[in-house]
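Let's take a walk through this one together. Have a look at the model below, and we'll go from the place where the chains meet to single residues.

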Number of protein chains: 2
Amino acid sequence: MMTTSEKVGSNIRKANAEAIRRILEAKPVLIDVVPASEAIPALQEGMILHAGPPIDWGNMCGPMRGAVTGIAVFEGWATDLAEAEQLAESGAFSLNPNHDFGAVGPMTGMTTLSQPVLVVENRASGNHAFCTINEGLGKVMRFGGNDASVLKRLGWLRDTLGPALGVALRAGKGIELKPLVARGLTMGDEMHQRNLGCSSLLLRTLAPDLARTVDDRTALAEMLSFIGSNDQFFLNLAMALGKAIMDPVCDIDCSSVVTAMTRNGTDFGIRVSGLGDEWFTAPVEMPEGLYFPGFSADDANPDMGDSTIVETIGLGGFAMAAAPAVAGFVGAGTPSIAADFTRTMGEITLTQNPEWTIPALDYQGVPTGIDIRLVVETGITPTINTGIAHRKPGIGQVGAGVVKAPLACFELALKALATRLGVR
Amino acid sequence: MMTTSEKVGSNIRKANAEAIRRILEAKPVLIDVVPASEAIPALQEGMILHAGPPIDWGNMCGPMRGAVTGIAVFEGWATDLAEAEQLAESGAFSLNPNHDFGAVGPMTGMTTLSQPVLVVENRASGNHAFCTINEGLGKVMRFGGNDASVLKRLGWLRDTLGPALGVALRAGKGIELKPLVARGLTMGDEMHQRNLGCSSLLLRTLAPDLARTVDDRTALAEMLSFIGSNDQFFLNLAMALGKAIMDPVCDIDCSSVVTAMTRNGTDFGIRVSGLGDEWFTAPVEMPEGLYFPGFSADDANPDMGDSTIVETIGLGGFAMAAAPAVAGFVGAGTPSIAADFTRTMGEITLTQNPEWTIPALDYQGVPTGIDIRLVVETGITPTINTGIAHRKPGIGQVGAGVVKAPLACFELALKALATRLGVR
């Protein structure tokens, strides 16, 4: 007869095996681009979805505040940033995490009703996940930008690119994303700070359908140029695919597998399969990295964004070995060190993904299925490749780096799981 | 006072330094696509340029014969393959190497007057180099295919894609190719058997200009789809850029640097800077590699094509370390072995190219400037990544592999150089 401890251990193993099965058998497909209001019917006027675990205006960091005021002007809820700030102070906006609405957003992660969102369907489970369209580099809302140029671009995404992508995608059978990511891993992408391969592959997949469905040639050229000049275009799609894969893993009793990791610029939060939608949070850390000319660590905001969903599925920092060129970009060191990151993440994960392999590691699969028990036992926390925003609103990206998830989240979650399972 | 031997050595060193300078300072730019008759005014009716050193009909291998008869039908010089073969037997066609006309061609390498060619300008030297447009995979003329489907595709390239690319390119400032190759090396390409990254980057560069200049949306979609579904589309451009880089290196007195390596399916030939346009040939070897389902080494034709120009500039087999995924495809072994190929090629080259670096080797440049003295001294001959054609005409590609350049070419060339410089 099994002891209580053995029985709990056995239950966790079974639950985690089911979690891994759902992760590996997921079949994410890009099927559409629609206004967020259509994708997420709960979205209403004055409602703003943001990156990370829940946070109120008073605790929001500079770039997040910049984005909130900017998106309020964009949606026509305020005539200018000053008025938007007053409204935010007065509690006029309903602020909610993207994660609670099947959505994810990079950095500040603003999702509001008129913005177009990429729709990824997980054909193994039937669920959908959403993410806005990547704005490109420079001064952009996800990094806290909110001036006229930022809002103009968002308007073009809403009025031109979003609808066109929707028409083009609905004309086809959808784009299977797992094979695309698999090729990206052979092209130096890790799908967080480097998406050059997948962005290029996505464009070549989309271009013929866009050509068939867009009447205005100048607009078509502009769209192809916008997508083609943004090496990070695929990032938002990688995030939606991550959310589409992990949402069906969110409610497996006894499972110790992490289903979400995310940051709001103030707190880092995780969710764990056996603990449903409860957030376990700790203060977010500061990335270590390289800064664009004219900026330094003094300008940096702490870590931010839902993009950590890609690490949750074994990409980003977990797949660093696939992307030796990113190691330098994020200041992690030489390419040979890149492989060490991936190997270390193997110590806190339950399996390797046989469909997503890394040529440089002789086709070893990316480390997949973060187990909070392994994190707490080893003290090794997930490595995250991240962009760095200026800490003040309205400025934008100042660098890129590597950051560790704070151990405290995992310790809190493990205690909660132990309590739930009736063990200490 | 220097001895004769010291003086010769010094002259060779100076000459080779100049060869390396010309290679590294070359500035190849894709500027146009025009009919071969316009690019190469010497081309006439009945004249066929082929891959490799000179060869007559009687000595041509099966796929080369298949391509000659096919292109004769395509050009309207014969009504069918049987008539084309009779004409070829009777000496009706003028057969000449591409290399003598500023051109290169993959595998059989057919270049005739009505085919469109990519035009690469070397802006450091002002010379131009040409290569036809890649036909895609499967049954294609470069692998000896010559049926109606092959000729139909060539007709579409001549009548639709070629002219459209010309218009789109002339509307812009040209596409600088060195930075493109540099990015490709960070995306797992070695630019011979793997061109996925560069083909995708090229498409995203061309797509907006094509959208602006092509009126017919269906035709535009077809072009974008053709380019986007051919992972080897960039190969022919890599070859033209190689030829554009090496042609200005062809006449440096005393230099022992290889300026061309090429094969006609029967002979392997090299040219050496200090020996001008003289060919040094030896029987070509059989690639070792992997075969497509249904084919084996019994079906294979010996090594063929001008594509070895990419190894001549440090890519292909020389850059294997950049392309771990290709190591498996060509049957060379595991990704870790890929790096060994690049290191070994370092033993027969004079320098590394600082603009073309390999992330996995901590940004070491590709081995560049093959010195025939080093080849003969070490007995190490260039490693070439290659496609494998069926030995019979009309069938096509049956696999991919690795082949060594035959040592005898280099020994012959070294003897000739020694004679010319008055040493034994």
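Two residues count as in contact if their C-beta atoms, placed from the backbone, lie within 7 Å. On that basis, 27 residues of chain B are in contact with 27 residues of chain A. Helices and strands here are DSSP runs (H or I over at least four residues for a helix, E over at least two for a strand), numbered from the N terminus. The elements that give two or more residues to chain B's side are α7 (196–213), α8 (217–228), α11 (324–329) and α12 (335–345) of chain B. The largest share, 10 residues, comes from α7(B). Sorted by class, chain B's side of the interface has 15 nonpolar, eight polar and four charged residues; Ala, Val, Leu, Ile, Met, Phe, Trp, Tyr, Cys and Pro count as nonpolar, Asp, Glu, Lys and Arg as charged, and the others, Gly among them, as polar.

Before going further, some housekeeping. This is a predicted model, where local features need pLDDT of at least 70 and side-chain atom pairs count only at pLDDT 80 or more, while totals for chains, interfaces and linings use all residues. Residues are numbered from 1 along each chain as its sequence is written, and chains are lettered from A and ligands numbered from 1 in the order in which they are written. As for confidence, chain A averages a pLDDT (the predictor's confidence in each residue, from 0 to 100) of 95, and 100% of its residues score at least 70. The complex gets an ipTM of 0.93 and a pTM of 0.95 from the predictor.

How are the two copies related? Superposing chain B on chain A takes a rotation of 180 degrees with 0.0 Å of shift along the axis, at an RMSD of 0.0 Å; the fit is by least squares on the C-alpha atoms of residues with pLDDT of at least 70 in both. That is the relation of a two-fold axis. In chain B, the C-alpha nearest the axis belongs to Met187(B), 2.0 Å away from it. The copies meet through the same surface, because 100% of the interface residues of chain B are also interface residues in chain A.

Now for a single chain. Chain A comes to 14 helices and 16 strands. Its radius of gyration, taken over C-alpha atoms, is 20 Å, close to the 22 Å from the globule rule (2.2 Å times the number of residues to the power 0.38) for 424 residues, so chain A is as compact as a globular protein of that length. Of those 424 residues, 61% count as buried, that is, with 20 or more other C-beta atoms within 10 Å of their own (exposed is 12 or fewer, partly exposed in between, and C-beta atoms are placed from the backbone).

Helix α9 is a good place to zoom in. In chain B, all of it is covered: 12 of its 12 residues are buried. On chain A, Ile245(A) lies in α9 (residues 235–246) and counts as buried because it has 30 C-beta neighbours inside 10 Å. Beyond its neighbours within four places in sequence, Ile245(A) is in contact with Ile23(A), Ala26(A), Pro28(A), Asn122(A) and Ile313(A).

Back in chain B, Thr132(B) sits in strand β6 (residues 128–132). Among the residues that Thr132(B) touches is Asn236(B); their C-alpha atoms are separated by 6.8 Å, though they are 104 residues apart along the chain.
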